[in-house]
Amino acid sequence: MTAAHHPMPGVPRDTTRRIGLLGGSFNPAHEGHRHVSLEALRRLALDEVWWLVSPQNPLKSDDGMEPLPTRVARARQLARHPSIRVDAPELLLGTRYTLDTVRALRRLYPRAQFVWLMGADILPQLVHWLGWRDLFAAIPIAAFARPGWSYPALAAAAPRAFARYRLAAGQERRLASCEPPAWCFIPSRLDSHSATAIRAVRPRRTRAKGTNISDQNPSTGARRLPDRSKASAALLALARHSLEEDKAEDIVVIDLKGKSAFADYMVIASGRSNRQVVAIAEHLADRLKQAGHGYIPVEGKQTGDWVLVDGGDVVVHIFRPEPRAFYALEKMWALEEEVADAKPAKAKTARSARTRRPKKPA
């Protein structure tokens, strides 16, 4: 596997670090994920935590699932910690199930000390995972208390089956160096954030911010919506003009129409320094507001390495060159499109194989 297609860029194959693996769809990432990660770093004496953003959870419907690059980008914005690494290695590893992903990572990094991290709410679901017994045998596991899922979760079938391999309270710091099967329960401070709850209250954008619905169609008297495609195209033009005015470099526009519900366009651009990145973002937000698009959220100004300007149907990411090269959002979108293009061809081949009738014997 070449460095350009390495599932965890920048991680040496001979690393001996103690690494927690937190897998999931991250649809969206939330403070609960960050809370578990920080607890794991402290309570398990880990060097890093990797958020493994899944292309698609086999046990979940893809209805309402944001595109992978969007979930990765939002997760990286939220993580904001030098010891939390966010990536989507399954896309390149070609794995879908946790057990396969764990085995692949252990082959790639044979000297690393991995621990699988999960909320205690997952413990009752483990028996539905493919090869869940083999997972216990493949990697140490740490389960963290979740609201409504504390000690009662330990009565579920999976933890009972491996009860004799559970570490005693106060021994969790040696979990990463234990030979599996080994697991522990962390009765940490509870965090109530939930991706399901966030999706339930998050508004689904159907039009650009600042556009108004006219009261009536003069010919029919019916209410009508503005032409969203024209509104988002105008918003994109304004955003590009603002970026160009402030000398932003390497401007890339990604058309999301038909691929995502959160926006019509993603724009990626670079600034030469932290100060320029922040200035470009602030000027863009001000120009959008002056053009009647209302309040424009801006995230990441504290560091200036990567600032996100949420213009509604147009979302703009502004990077310094080094973080942009590291996070490679353009490549992530290209990889996802390659996978999406491959799926119909694979399905067509499978259908052809199923419908091909065997020849009758002579």
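Two rings of Phe, Tyr or Trp (its six-membered ring) count as a pair if their centres lie within 6.5 Å. By that rule, 9 aromatic pairs turn up in this structure. Please keep in mind that you are looking at a predicted model. The tour below starts at strand 1, moves on to helix 4, and ends with some of the aromatic rings.

**Strand 1 and its neighbours**

- Strand 1 covers residues 18-24, and 5 of its 7 residues are buried, leaving the strand mostly covered.
- Strand 2 (residues 48-53) runs parallel to strand 1, and 6 bridges join the two.
- Within that pairing, Leu 21 has Trp 50 of strand 2 as its bridge partner.
- To get from strand 1 to strand 2, the chain passes through helix 1 (residues 31-43), making a right-handed β-α-β crossover.
- Strand 4 (residues 113-119) is also parallel to strand 1, with 5 bridges between them.
- Here Ile 19 is matched with Phe 114, its bridge partner in strand 4.

**Helix 4**

- Helix 4 spans residues 98-108, and its buried residues are Thr 98, Leu 99, Thr 101, Val 102, Ala 104, Leu 105 and Leu 108.
- Those buried residues pack against several elements: strand 1, strand 2, strand 4, helix 3 (89-93) and helix 5 (132-138).
- As a reminder, an α-helix has 3.6 residues a turn, so residues three or four places apart point the same way.

**An aromatic pair between strands**

- Trp 50 and Phe 114, which you met above as bridge partners of Leu 21 and Ile 19, also form an aromatic pair with each other.
- Their ring centres are 5.6 Å apart and the planes meet at 65°; planes over 60 degrees apart count as edge-to-face, so this pair falls in that class.
- Because Trp 50 sits in strand 2 and Phe 114 in strand 4, the pair ties together parts that are 64 residues apart in sequence.
- Both rings belong to buried residues: Trp 50 is buried, and Phe 114 is too.

**Aromatic residues around helix 5**

- Trp 132 and Phe 136 make another edge-to-face pair, because their ring centres are 6.4 Å apart and their planes lie at 80°.
- About one helical turn separates these two residues, because they are 4 residues apart in helix 5.
- Trp 132 and Phe 136 are both buried.
- One aromatic cluster brings together Trp 132, Phe 136, Phe 162 and Tyr 165.

Terms used
Residues are numbered from 1 along each chain as its sequence is written. This is a predicted model: local features need pLDDT of at least 70, side-chain atom pairs count only at pLDDT 80 or more; totals for chains, interfaces and linings use all residues. Side-chain values use heavy atoms; hydrogens and water are left out. Buried means under 20% relative accessible area, exposed over 50%, partly exposed in between (1.4 Å probe, protein chains only). Two strands pair if DSSP finds at least two bridges between them. A crossover is right-handed if, with the strands pointing away from the viewer, the path from the first strand over the helix to the second runs clockwise. Contact means heavy atoms within 4.5 Å. Rings of Phe, Tyr and Trp (its six-membered ring) pair if their centres lie within 6.5 Å; planes under 30 degrees apart count as stacked, over 60 as edge-to-face and the rest as tilted.
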